[in-house]
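Me: I have the sequence and the coordinates open and would like to go through them with you. Could you take my questions as they come?

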Amino acid sequence: MAEVRLADIRKSFGRTEILHGLTLTVASGEFVSLLGASGCGKTTLLRIVAGLETVTTGRVEIAGADVTALPPERRDIAMMFQSYALLPHLSVAENVRFPLRMRGLGSRDEQAARVAEALETVQLAPFAGRRPRQLSGGQQQRVALARAIVSRPKVLLLDEPLSNLDARLRQDMHVELIELHRRLGLTTIFVTHDQEEALSLSDRIVLINAGQIEQEGAPAAIYDRPATAFASAFLGAANLVPVRIERRAGEAVAVFADGQALALGPGAWPEGAATVALRQEEIALHAVGDLAAAGGPRARVRTRVFLGARCRYVVALGDVTLRALTGNEPAFAAGAEVSLRIPEGRIRVLPG
Amino acid sequence: MTDRQESALLLLPGLLLLAGAFLVPILQMLALSVAGPDGGWTLDHFRRFLGDGFYLAVLARTVRLSLVITAICLAVGFPMAYIMARARPRPRVWLIVLVILPLMTSVVVRTFGWMVLLSRSGLVSGLLRDFGLAPRNFALMYTETAIVIGMVQVLLPFMALSILGVILRIDPRIEEAARTMGCSFLRALAAVVLPLSLPGIVAGSLLVFTLSASSFVTPNLLGGPRVQVLAASVWRAVTQTLDWPFAAAQAVILFAGVLAILVPYIRIAGRGHG
């Protein structure tokens, strides 16, 4: 089957090294997301798998064969680009037939049947005769998807293919991609900077930071247990707050710079300076004196941003600014004093 | 004053210039080509041209050479334009300067350069003889080959730059996509870049074809009196035999001949990507 193995991949452009010895195996049929900020090297890594970039050192294997030195046309892959890269001089059907024609797959009739089937899959059969520029962005994106799956490649490479779509269409495409992947079982590598996309689509997330793998794991695992400050900040946009961990009356507490303390609950907490990662959605705001937040640190509301279903607060805890994502009720105005409740066990302590 | 009137006003100087410097002389030329000796009008000049094998051969040579020059410019200019388009910005500027450089010297000087190189004792003919690739009395001067060589050098920039402009606007990702869909580098060029650069190829071919059909300095100097092209023949009629009506008739035939080839070409090319 079509396993992808990347062994100690290094890539330099001129004197700048972009990838610092990355090793990654994508199992056959697995959906792996490469997640990271722009410029972290995730797209370069994808292009190396595609053969559009050469490696400086390292080895690329697809389905057990060393393809490091092979040009893209001799690797059995399909790639979907952020800009879709449709051929503007060809009709939708001709675009989808293009990989079959270039690879010489099947007779003319077989090709036509496969094109029709692929267009049916993405619900674009009525548009077969149109030119790409006569389609909307979402439709163009589906043409690109049909073109990528029509040749039944060993590996499907997706380079931020959804980032040019509006939020609604993107959610529809998430569902379609998941269903398509389940049905075809293609080994898929998906590059994105959108953590929600990575969390909802992947079997496994590979978090990349500055040309190295920061952390990898199943979406739930990587979300619940980020290993580093970068992972916490990137996944779930957690608040990272410097604290001192002390024992007060036999219980571990995190002490903020202004002296207020937050109970950490049972656990083997290392004492001394540390950083706590507090998820935005796990900070609840309560009126001062509310029993539910008894003993929680106090903060002052700086800004309230209404988001429709939810509400984002920016609160000041001494000199520390925290972001909290809460329900709409109760509403606190800017300047209001509030008590924060952060459930024990939801607080992650990172060294340093 | 409305916007429309304002734009009309802005257009006026250009229209006047075109009318004064282009339309009036053309109309005059048309009138002159049918002017009889006694002030009446006559088709004698055209009859004389079309009835004379020498002039028909000149016309055929002009069209043939223009086609050959256009084809060679395209064959050389397309890869050149592609390399320029895909180069990084700094090397691209240097390549463009290199391509334009020949245009910065006078046609006459450049043609004299070719005369020196192509003459019987010149470098090119000498080398070909030394390697045994040509007979002993071989010379390139005063042949159609000499005209083609000289004209291709002059006209190549027009072709290369016309195509460059179009290729620069083709998203390189489209080519990469073609590579991931099973095209080798050359296949991607043929299946993707070539059809998408058709507008530039059409524009460049039109420029090169019309310029080579109407040029006379280079063909005149490199072809000599025995290998004449139509523009040179017009010039001879004007300056040597002083037969202006016959010169005008030849010019009209040249004009009509160019149109007869260009109009169908534009039609076909326009249908290709319209």
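Me: How many residues lie between strand 1 and strand 2 of chain A in their hairpin, and which residue in the turn has a positive phi?
Reply: Bearing in mind that this is a predicted model, the hairpin of strand 1 and strand 2 of chain A has two residues between the strands, and Gly14(A) in that turn has a positive phi of about 65°.

Me: How many bridges join those two strands, and do they run parallel or antiparallel?
Reply: Strand 1, which covers residues 4-13 of chain A, is joined to strand 2 of chain A by eight bridges, and the two run antiparallel. As for individual positions, Ser12(A) stands opposite Glu17(A) of strand 2, while Ile9(A) has Leu22(A) of strand 2 as its bridge partner.

Me: And what sheet are they part of, in which strand order?
Reply: They belong to an open sheet of four strands in chain A, with the order 2-1-4-5 and antiparallel pairing. At its edges are strand 2 (16-26) and strand 5 (65-66) of chain A, each of which pairs on one side only.

Me: Which strands does helix 1 of chain A lie across?
Reply: Helix 1 of chain A, residues 42-50, lies across strand 1, strand 2 and strand 4 (57-62) of that chain, and the helix runs at about 120° to strand 1 of chain A.

Me: Is that helix mostly covered or mostly open, then?
Reply: Helix 1 of chain A is mostly covered, with eight of its nine residues buried. The buried residues include Leu45(A), Leu46(A), Ile48(A) and Val49(A), and also Lys42(A) and Arg47(A).

Me: What comes right after helix 1 of chain A?
Reply: Gly51(A) follows helix 1 of chain A, and the phi of this glycine is positive, near 90°.

Me: Stepping back, how many helices and strands are there in chain A?
Reply: Chain A has eight helices and 20 strands, and its C-alpha trace spans about 80 × 45 × 35 Å along the principal axes. Of the 352 residues in chain A, 49% are buried, and among its contacts with a separation of 6 or more, 65% are between residues 24 or more positions apart.

Me: Switching to the other chain, how many helices and strands does chain B have?
Reply: Chain B has 13 helices and zero strands. Its C-alpha atoms fill a box of roughly 75 × 75 × 30 Å along the principal axes, and buried residues account for 40% of its 274 residues. For contacts in chain B between residues at least 6 apart in sequence, 69% join residues at least 24 apart.

Me: Which helix 12 residues of chain B are buried?
Reply: They are Leu230(B), Ala231(B), Ala232(B), Ser233(B), Val234(B), Arg236(B) and Ala237(B). Helix 12 of chain B, residues 230-239, is therefore mostly covered, given that buried means under 20% relative accessible area and that seven of its ten residues are buried.

Me: What about the surfaces, that is, how much does each chain expose?
Reply: Chain A exposes about 15700 Å², of which carbon and sulfur atoms supply 50%, whereas chain B exposes about 15200 Å², with 72% of that area from carbon and sulfur atoms.

Me: Last one: how many positive and negative side chains does each chain have?
Reply: Chain A has 41 positive and 38 negative side chains, and the centres of the two sets lie 4 Å apart. In chain B there are 21 positive and 11 negative side chains, with the centres of the two sets 10 Å apart.

Key
Residues numbered from 1 in each chain as written. Chains lettered and ligands numbered in written order. Predicted model: local features only at pLDDT ≥ 70, side-chain atom pairs only at ≥ 80, totals over all residues. Heavy atoms only, no water. Buried < 20%, exposed > 50% of the residue type's maximum accessible area, 1.4 Å probe, protein only. Contact = heavy atoms within 4.5 Å. Areas by Shrake-Rupley, 256 points an atom, 1.4 Å probe, with all protein chains shown as cover. Lys, Arg positive; Asp, Glu negative; His and termini not counted. Charge placed at Lys NZ, Arg CZ, Asp CG, Glu CD. Pairing = 2+ DSSP bridges. Axes fitted to C-alpha atoms, helices over the stretch in contact; angles between N-to-C directions.
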